Amino acid sequence: MSAAWMTRAASLVMVSAGLWACSPSDNPAGQTIAEGQSSASEAPSAWSPRVTRLLSEMSVEAKIGQLHQAAGGRSRNLNSRLTPEELDRVREGGVGSYLHVAGAEPLEALQRVAVEESEHGIPLLFAMDVVHGYRTIFPVPIAMAASWDEAGWEEAARISAEEAAASGLHWTFAPMIDISRDPRWGRIVEGGGSDPYLGSRMAVAQVNGYQGADLAAGDTILATAKHFGAYGAPTGGRDYGTADISERSLHEIYLPPFHAATQAGVGSMMTAFNDIASVPSTANGHLIEGVLRDEWGFDGFIVSDWNAIAELMNHGVAETRTDAAALALEAGVDMDMTSAVYVQDLAAAIEADPALLAALDRSVGRLLAWKEALGLFDTPYIYHDTDREAAELLAPDHRVAARRLAERSIVLLKNDNNTLPLAREAGSIAVIGQLAEDASTQLGSWRAQGRPDDVVSLLDGIRHEAGDAMAVSYAAGAAPRSDDMSGLPDAIAAAEAADRVVLVIGEDYDLSGEARSRSDIALPPSQQALAEAIFATGKPVTVVLVSGRPLAIPRVAEEADALLVSWMLGVEAGPALGRILFGDVSPAGRLPVNFPRATGAVPFTYSENPGGRPAHPDLERDTNRYMDQPITPLFPFGHGLAYSQFEYGEMEVRETQTGYRLSVTVRNSGDREADEVVQLYMRDPVARVARPRIELRGFERVTLAPGESVEVAFHLTPAQTAIFQAPGRWQVEAGRIEVMIGASSADIRARGEIQIVEAQTGSAPATALETRVEVIR
Ligand code: BGC
């Protein structure tokens, strides 16, 4: 957003170190440190003339109405609550925004009530969880992350925005940019995986895609970075639970994508349901006003998560709804998603403490300013063109983009004896596993307006791509959440009758997502039993793993001849998988998170500190490992094979004006075109505090013809080696940094080192900063 009032860099004030989690009881006056400091830069005189005028004309009640977000329906029953009584609430100015609403026509009618029949004529903000597509559903976010394709991420978000905006929406609750290293957590499906650098790039691409260059254009929508700040680190992997993490982890691992999103200009953020070190994020003034606004210069607005303001009472930091209202508003939560605490109880809180009026004005001012930035005051109805809606939703070119990203998201984990690609020749394939025909699962969690009927199932895709020469049979075997194994004999018979088997197993859509945490990330029992039975036939088996999370699948990994992770791929799932299986395109997806060997190994990351007794394979030594399984992940972060091979040359290290240029030559030494994801890692071997044994700092997905070579050069700056010191203070230490380029975190092909000559202090998280990449052909 470019409005002058939002440029507050000059007035940013440092928050003193060590106050990273100032709890309400630490701060009985109820005012956050940063709040007091920042108020001057947000005085009403700084708003646009329209916002200033509205703020001066509106009653306290009308202002509070703007902070209320109501549910227009349930996520699968949109618009269902838009009753005549609800329209009266809009006429009275009691609502600022609706979520779970959709449709150019119904939303125009609703908007007209707000604009033409309410006292101040303030337009409503219409929101939905458009997370990986609106009607054209793209792969689930963890799958998209596996594509390592920044242009693809941006395109998916842009198409989602075009469809959503054509359907009357202004605002999405995406991107979800929670880093998670714990696949028990069901919401790992919604994010970019375990790494803050990869997550930051994905955050930026999606913000750019949703918001575009002009928010008022009518085909762009406001993005929400969520869930601020460490929602992906709940204890035990249980959704909503405490993130009992260090200040360093918070700033070095969980917050960088939010910093990157801020730099990209994201217009809103959502606070997380959980608490970090006992401070619920919805009442964490230090994080919101201190770190996010004052340190980082975030100029968007904050929405709570669903009912989260009322839940401050469950957390045990507010006794009454009035307390909860005051805590959340003071902390900087501008909009109340559905708890109705603001609209019902904030007035009482203000009466008890009139100082809250300034916070109220600040929040209302922000919301009005963003409504203005979306063009809603000047052109409120440009989101309601039904012809545009009809043309945009599921447009053919959107399906092409969805297929392309789905192809790019599939990860080939194993391919013994070149089992894949399958030849399109006379013969037979048995496709086995109920997930192959389960179209609904391919939509994953958060399917917006996606419909199972729009999906080409994996089975249909395989049938279509196999061509006429090949006989394709199908047997369901067993469904993931069923204990009905009566389909097993047919599945075994089908496998035995075929030349080869494509075994589709894993989790269905309802085993990952919100409140879908699992204590055991093994295959569901029915799927394991099905797999064992099919492996026992002795046929060559390609396993296609459908899942929203990494699964612990040691037996499958051992027995399968080839193993693909297809995640949940969206409307074009079938064609994408078919084209990979039959070799029309080579797979090149890479894991955005480790696949562990057992549930007991999680949380787990490739990027741990070495410790004083680093893990050693020799069990006679007492080292940092388990007795009962190897120290390595089953498949490591960054891993993924192609139908070709790549050779790497030596690393060339050059100093530049801004830092270092680290380059390698990569050659496709196989006999077919394929993509390679070239990855840059670093390690700070000696520092003031222990550093991870390896950390991602750059990547580039390149396409190479057979025999073709390319030079890939990464431009690393000293600031990207910085270590967290205190909020807003990042220390670059002088000394040696090891740099590594390779095909995965466990497949380093070229090494070098750089010397940081001078220590320096920066203000940005190291992993939020982008490594520029040059590709020289
Ligand atoms: C989720 C959010 C989502 C909101 C609105 C909540 O339960 O945590 O991610 O945006 O619902 O649907």
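In this predicted model, Ser-445 is in contact with His-132, Val-140, Val-189, Glu-190, Ser-512 and Gly-513, when its neighbours within four places in sequence are left aside. The residue itself is placed in the loop between β12 (427-432) and α18 (458-466). Its relative accessibility is 11%, and because buried means under 20% relative accessible area, Ser-445 counts as buried.

Helix α18, which follows that loop, contains Leu-458. Leu-458 counts as buried, at 0% relative accessibility. Apart from neighbours within four places in sequence, the contacts of Leu-458 are with Leu-435, Ala-436, Gln-442, Val-504, Val-546, Ser-566, Ala-573, Gly-574 and Leu-577. By contrast, a separation of 53 Å lies between the C-alpha atoms of Leu-458 and Glu-119, two residues that are 339 residues apart along the chain.

A second serine, Ser-97, belongs to strand β2 (residues 97-99) and counts as buried, its relative accessibility being 0%. The side chain of Ser-97 reaches the backbone oxygen of Leu-125 at a distance of 2.7 Å. Leu-125 also appears among the residues in contact with Ser-97, together with His-68, Gln-69, Ala-70, Leu-124, Trp-171 and Met-335, once neighbours within four places in sequence are set aside.

The ligand is surrounded by 14 residues, of which Asp-129, Arg-187, His-227, Asp-305 and Glu-514 come nearest. By residue class, the shell around the ligand divides into seven nonpolar, two polar and five charged residues. Several side chains place polar atoms beside oxygen atoms of the ligand. For His-227, an N or O atom of the side chain is 2.7 Å from a ligand oxygen, while for Lys-226 a polar side-chain atom lies 2.9 Å from an oxygen atom of the ligand. In the case of His-100, the distance between an N or O atom of the side chain and an oxygen atom of the ligand is 3.4 Å. Of the 310 Å² of accessible area that the ligand has on its own, the protein covers 95%.

Turning to the aromatic residues, the structure holds 15 aromatic pairs. One of these is formed by Trp-153 and Phe-699, whose arrangement is edge-to-face, with 6.3 Å from centre to centre and 65 degrees between the planes. Because Trp-153 lies in helix α7 (residues 150-166) and Phe-699 in strand β21 (residues 695-704), the pair ties together parts that are 546 residues apart in sequence. Both partners are covered: Trp-153 counts as buried at 0% relative accessibility, and Phe-699 counts as buried at 4%. The rings of Phe-228 and Phe-258 provide another pair, with centres 5.4 Å apart and planes at 75 degrees, so this pair is likewise edge-to-face. Here the parts tied together are 30 residues apart in sequence, since Phe-228 lies in strand β5 (residues 224-228) and Phe-258 in helix α10 (residues 256-263). Phe-228 is buried, with a relative accessible area of 1%, and Phe-258 is buried as well, with a value of 0%. Beyond the separate pairs, Trp-153 and Phe-699 belong to one aromatic cluster that also takes in Trp-148, Tyr-197, Tyr-606, Phe-637 and Tyr-681.

Strand β21 also contains Val-702, which is buried with a relative accessible area of 2%. Not counting residues up to four places away in sequence, Val-702 touches Ala-674, Asp-675, Glu-676, Val-678, Val-710, Val-712, Val-775 and Arg-777. The C-alpha atoms of Val-702 and Asp-149 are separated by 9.8 Å, although the two residues are 553 residues apart along the chain.

Finally, helix α13 (residues 321-331) is mostly covered, with eight of its 11 residues buried. The buried residues of α13 are Ala-324, Ala-325, Ala-326, Leu-327, Ala-328, Leu-329, Glu-330 and Ala-331. After α13 comes Gly-332, which has a positive phi, near 110 degrees.

Key. Residues are numbered from 1 along each chain as its sequence is written. This is a predicted model: local features need pLDDT of at least 70, side-chain atom pairs count only at pLDDT 80 or more; totals for chains, interfaces and linings use all residues. Side-chain values use heavy atoms; hydrogens and water are left out. Helices (H or I, at least four residues) and strands (E, at least two) are DSSP runs, numbered from the N terminus. Buried means under 20% relative accessible area, exposed over 50%, partly exposed in between (1.4 Å probe, protein chains only). A polar contact is a pair of N or O atoms within 3.5 Å; within protein, one must be able to donate a hydrogen and the other to accept it, and residues adjacent in sequence count only if both atoms are side-chain atoms. Contact means heavy atoms within 4.5 Å. A residue is near a molecule or strand if one of its heavy atoms lies within 4 Å of it. Accessible areas come from the Shrake-Rupley method with a 1.4 Å probe; for residues, only the protein chains shown count as cover. Ala, Val, Leu, Ile, Met, Phe, Trp, Tyr, Cys and Pro count as nonpolar, Asp, Glu, Lys and Arg as charged, and the others, Gly among them, as polar. Rings of Phe, Tyr and Trp (its six-membered ring) pair if their centres lie within 6.5 Å; planes under 30 degrees apart count as stacked, over 60 as edge-to-face and the rest as tilted.
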